[in-house]
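Hi there,

Here is the structure I promised to pass on. Have a look at it first, and then read on for my notes.

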Amino acid sequence: MTNRAQRRAQSRGNRRGIPEQYDQTKGRGRSGMIDEYALQERSRRLQEHEDGEWKPSGGPIAETAAAAVKTSSSPIHMPTSARQWLRLLSWVLIVISCLSFLVIMWLSNVPMWLVIAISSVFAVGVLSLFFVGGSPEENPNLDDFGTAV
């Protein structure tokens, strides 16, 4: 039976490093494990078509921050092609028809032709999204397997 000081020293030694339930190496060396940070950096470099290992540029922080602000891409941009303009028009039709539904819902005497017209505008807007939506290959938010990123 070990004495109390040895048991406490052993428990202190066991507390260092990664807890047992998270330690996949079971006390072996970590040379075979995957470095997730390195994988993320490699993935980023591949996407940006950069070669080699990252090396610090050594420029002032203010310049890099200003460049980051200038080059940041916002998710909202002006449509450039006819397909994008049609997609925008489809969403405008959907929003206008939804707002029109909310308005006529509270009016008492609405002619049936108006309800049918608003319904058909909504249906045309939704159906047109299927035609102008584009293919999944053009969607930057999908990976190779069609999963949202």
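A question to start with: does S128 count as buried or exposed? At 18% relative accessibility, S128 falls under the 20% cut-off, so S128 counts as buried. This serine belongs to helix 5, which covers residues 112–132. I also checked where S128 sits relative to W91: the two are 37 residues apart along the chain, and their C-alpha atoms are separated by 9.3 Å.

Before more details, a word on the whole. Please keep in mind that this is a predicted model. The protein has 5 helices and 0 strands, and its pattern along the sequence reads α-α-α-α-α. Of the 149 residues in the protein, 9% are buried. About 13500 Å² of the protein is exposed, and carbon and sulfur atoms supply 62% of that area. As for contacts with a separation of 6 or more, 44% of them join residues that are 24 or more positions apart.

Another serine that may interest you is S97, found in helix 4 (residues 82–106). Its relative accessibility is 2%, so S97 counts as buried too. Which residues does S97 touch, once those up to four places away in sequence are left out? They are I118, V121 and F122.

Next, the loop between helix 3 (61–71) and helix 4, where you will find P79. With a relative accessibility of 17%, P79 is under the 20% cut-off and therefore counts as buried. Leaving aside residues up to four places away in sequence, P79 touches Q84, W85 and L88.

Two of those contacts of P79, W85 and L88, turn up again on the surface. Together with M78, V92 and I96, W85 and L88 make a nonpolar surface patch of about 500 Å². W85 itself is placed in helix 4. Is W85 buried or partly exposed? Its relative accessibility is 44%, so W85 counts as partly exposed. In other words, buried P79 touches a tryptophan that is partly exposed and belongs to the nonpolar patch.

There is a charged patch to look at as well. R4, R7, R8 and R12 gather on the surface in a patch of positive charge. One of these arginines, R12, lies in helix 1, which runs over residues 4–15. R12 has a relative accessible area of 44%, which means that R12 is partly exposed.

If you want to go through the model in a handy order, you could begin with S128 in helix 5, move to S97 in helix 4, and then go on to P79 in the loop before that helix. After that, the nonpolar patch with W85 and the positive patch with R12 round off the tour.

Happy to hear your thoughts whenever you have time.

Best wishes

How values were computed. Residues are numbered from 1 along each chain as its sequence is written. This is a predicted model: local features need pLDDT of at least 70, side-chain atom pairs count only at pLDDT 80 or more; totals for chains, interfaces and linings use all residues. Side-chain values use heavy atoms; hydrogens and water are left out. Helices (H or I, at least four residues) and strands (E, at least two) are DSSP runs, numbered from the N terminus. Buried means under 20% relative accessible area, exposed over 50%, partly exposed in between (1.4 Å probe, protein chains only). Contact means heavy atoms within 4.5 Å. Accessible areas come from the Shrake-Rupley method with a 1.4 Å probe; for residues, only the protein chains shown count as cover. Patches are made of residues with over 30% relative accessible area and no salt bridge: like charges are joined within 9 Å, nonpolar side chains (Val, Leu, Ile, Met, Phe, Trp, Tyr) within 5 Å. A salt bridge is a side-chain nitrogen of Lys or Arg within 4 Å of a carboxyl oxygen of Asp or Glu. Lys and Arg count as positive and Asp and Glu as negative; His and the chain ends are not counted. The place of a charge is taken as NZ of Lys, CZ of Arg, CG of Asp or CD of Glu.
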